[in-house]
Amino acid sequence: MNQIERNNWLTIIDEAILSLNQIIDKTTQISEAKTFKISKETIYMDEKIHFWIKESKLINKVDNVKVIFGELLPLYSERSGVYQIFANIIGNAIKYSSVNINPTLTVFSEKQNDQIVYTIEDNGIGIPKDEIDKIFSNLQRGSNTLDHQGNGIGLYIVKSIINRLDGRIEIASNLGEGTRVKIYFPDYKPMDKEYL
């Protein structure tokens, strides 16, 4: 491993440790308080998305993914929750499209009414249609993913976090063609009365 690869891994490890510390802090706060208020802040997604893609490419040992970016709007949300959501969805997209000769990942966001919607689309193995609803259950994986590393808890955790953040997730997929994930976040602003 050369110095650049070592530095890339150290950056990823530092970010993961920070995220884990935030998760532990939040879990402790929740267990100590009857009414826990999620701490939200503005998250500039442009730099974060690029980092999470770089992280996933390293972890999955995939460097030939073509990434197409659209507009990446900022979110006003909980930083550690957003990290877990996007790290998992992007990681899955890269992992399951890596079998393709020309893996492609498309990431963009748009404003829809009072929501910010992020779309992450890949040209990977896809999910059997009759299994899409089941993949959000704990320890459930698509029947066509058995050749790939995983344990079936990632999307269960993602769904739980999205619910906690008052959002929602939709998945559309065609077997052998790819998957499109849409993540809906409330378009809160730091000055909204609810968060003062």
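In this predicted model, Ser109 of strand S4 stands opposite Tyr118 in strand S5, and this pair of residues belongs to an antiparallel pairing in which S4 and S5, the latter spanning residues 115–122, are joined over eight bridges. A further pair of partners between these strands is formed by Phe108 and Thr119, the second of which lies in S5. The two strands make a hairpin with two residues between them, and in the turn Asn113 has a positive phi of about 55°. As for its surroundings, S5 is mostly covered, since six of its eight residues are buried.

On its other pairing, S5 is joined by eight bridges to strand S7, which comprises residues 178–186, and these two strands run antiparallel. Within this pairing, Ile120 is found opposite Val181 in S7. Strand S4, which covers residues 104–112, also pairs with strand S2, made up of residues 66–69, but here the sense is parallel and the number of bridges is four. One position in this pairing is marked by Lys66, which stands opposite Thr104 in S4.

Taken together, these pairings belong to an open sheet of five strands, arranged in the order S2-S4-S5-S7-S6, and the pairing in the sheet is mixed. The edges are formed by S2 and by strand S6, residues 168–174, each of which pairs on one side only. From one strand to the next, the twist averages 15°. Helix H2, which runs from residue 45 to residue 59 (45–59), packs on this sheet and touches S2, S4 and S5, while its direction makes about 165° with that of S2.

The sheet may now be placed within the whole protein, which has four helices and seven strands. When the chain is read along its sequence, these elements follow the pattern α-β-α-β-β-α-β-β-α-β-β. Of the contacts between residues at least 6 apart in sequence, 69% join residues that are at least 24 apart. The protein has 196 residues, of which 43% count as buried, and its accessible surface comes to about 11,100 Å², with 52% of this area belonging to carbon and sulfur atoms.

The interior was also examined for enclosed space. Rolling a probe the size of a water molecule over the atoms shows where empty space is left. Counted in this way, the protein contains two cavities of 30 Å³ or more, and the second largest of them has a volume of about 30 Å³. The lining of this second largest cavity is made by Lys40, Leu75, Tyr76, Ser77, Leu165, Phe185, Pro186 and Tyr188. Two elements, strand S3 (75–77) and S7, each give two or more residues to the lining, and the largest share, three residues, comes from S3. Strand S7 thus appears in two settings, as a partner of S5 in an antiparallel pairing and as a contributor to the lining of the second largest cavity.

How values were computed. Residues numbered from 1 in each chain as written. Predicted model: local features only at pLDDT ≥ 70, side-chain atom pairs only at ≥ 80, totals over all residues. Heavy atoms only, no water. Buried < 20%, exposed > 50% of the residue type's maximum accessible area, 1.4 Å probe, protein only. Contact = heavy atoms within 4.5 Å. Areas by Shrake-Rupley, 256 points an atom, 1.4 Å probe, with all protein chains shown as cover. Pairing = 2+ DSSP bridges. Axes fitted to C-alpha atoms, helices over the stretch in contact; angles between N-to-C directions. 1 Å grid on protein atoms, 1.4 Å probe; cavity = no way out; pocket = protein on both sides within 12 Å on 5 of 7 lines; lining within 4 Å. Points joined across faces, edges and corners; volume = space filled by probe spheres on them.
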